[in-house]
Amino acid sequence: MNDAVLEQTAVAAWRVAQVEALFALPFNDLMYRAQTVHRSHFDPNVVQLSTLLSIKTGGCPEDCGYCPQSARHPSAVENEAMLQVAEVVAAAEAAKATGATRFCMGAAWRSPKERDLLPVMEMVKAVKALGMETCVTLGMLADGQAEKLKSAGLDYYNHNLDTSPEFYGDIITTRDYQDRLDTLARVRHAGLNVCCGGIVGMGESRTSRAGLIAQLANLDPQPESVPINMLVQVEGTPLYGVEELDPLEFVRTIAVARITMPKSFVRLSAGRQEMGEAIQALCFLAGANSIFYGEKLLTTGNPEATRDRALIDKLGMRPLA
Ligand code: SAM
Ligand code: DTB
Ligand code: SF4
């Protein structure tokens, strides 16, 4: 593939074939390109730290094939009540004390009910008052809800496209791709920062991974934050036992996200606990510059903060202040 085909201007949309061509580059060439792009927009030795908290766990009516919180899967996690604002503030204070700059609150909802929005707004306000960036992920939003969250002090809304439009129906049947794009448009319209990414390792093809990246890169403007999750296989979910993705293909996905979304924070997200330090280091070299930090994601494990600090140190990197 010659360079002209791989070149991309700011205005033209990424075609899936162009993104596939990036995936197909020799590994060293791909890493070099990703690192070059990365260095023209970011300090390559700085990593942003976001801590997650599940503010409403389990009992979700959706059927996402990867998710342990769907009530439709046999060994789903317990359906719990929403946390109290004071519990959330305590967790955010602890996250801030360990060095996180952003606090992300997730709820296992298809979409938030109006009556649920008030306590979430209180949480956002209280976390913001600690001097942290705030993010929530609550499912699909109706008109006006993003504006309410914005008025409470919300900085980011996370809503993932998860996979390519073509593979999507194999993973989720209870909402469609357009529903997700509509929520992302509402988030953008309200003046919030967009956090939008996906999951790989769900048995998708490389073309599907390229399709996901093309969708993300063609959002206009591009998302400020792009979480790339490696599927965490949870027993009892439909995707448990799916063939595992080669870790180097995960690194390639990070590199392609970096090249196509040069100014976005690309987050090396779920799946780090199952990854060695060497693969994580390659992800940073490929242009990842954010991680989830703290021993838990939403319901599954994540490396201990002390281990992550040791890794960041070992690589001569430093957390974004
Ligand atoms: N319920 C809301 C929704 O789906 O929009 C918000 C929370 S949901 C758990 C947020 C994201 O977590 C999903 O879009 C998916 O990308 C990711 N996720 C969930 N389970 C995962 C798993 N087992 N492995 C990797 N990522 C996962
Ligand atoms: C995202 O892309 N990944 C996070 C966050 N956004 C909300 C969630 C990962 C969840 C992993 C499975 C779990 O812990 O339940
Ligand atoms: Fe529900 Fe979100 Fe899990 Fe899907 S990913 S089952 S919407 S909590």
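## Exercises on a predicted model

At 18% relative accessibility, cysteine 67 counts as buried, since buried means under 20% relative accessible area, with exposed over 50% and partly exposed in between (1.4 Å probe, protein chains only). This is a predicted model, where local features need pLDDT of at least 70, side-chain atom pairs count only at pLDDT 80 or more, and totals for chains, interfaces and linings use all residues. Residues are numbered from 1 along each chain as its sequence is written, chains are lettered from A and ligands numbered from 1 in the order in which they are written, and side-chain values use heavy atoms, with hydrogens and water left out.

**Exercise 1.** Work out how many disulfides the model has, and where cysteine 135 stands.

*Solution.* Start with the rule: a disulfide is a pair of cysteine sulfur atoms within 2.5 Å. Apply it, and you end up with 0 disulfides. Now take cysteine 135: its nearest cysteine sulfur belongs to cysteine 104 and sits 4.2 Å away, so cysteine 135 is in no disulfide. Last step, the accessibility: cysteine 135 comes in at 3%, so it counts as buried.

**Exercise 2.** Find out how the radius of gyration of the chain compares with the globule rule.

*Solution.* First, count the elements: the chain has 12 helices and 10 strands (DSSP runs, H or I of at least four residues for helices and E of at least two for strands, numbered from the N terminus). Next, the radius of gyration is 19 Å, close to the 20 Å that the globule rule gives for 321 residues, so the chain is as compact as a globular protein of that length. That radius is taken over C-alpha atoms, and the rule is 2.2 Å times the number of residues to the power 0.38. Then check the box: the C-alpha atoms fill roughly 55 × 40 × 40 Å along the principal axes. Finally, look inside: 55% of the 321 residues are buried. Of the contacts (heavy atoms within 4.5 Å) between residues at least 6 apart in sequence, 73% join residues at least 24 apart.

**Exercise 3.** Place two backbone oddities, at proline 221 and aspartate 162.

*Solution.* Take proline 221 first: the peptide bond leading to it from aspartate 220 is cis, with omega near -5°. Proline 221 falls in the loop between helix 9 (206–217) and strand 7 (225–230). Now aspartate 162: it isn't a glycine, yet it has a positive phi of about 70°. Its loop runs between strand 4 (156–158) and helix 7 (165–168). With 3% relative accessibility, aspartate 162 counts as buried.
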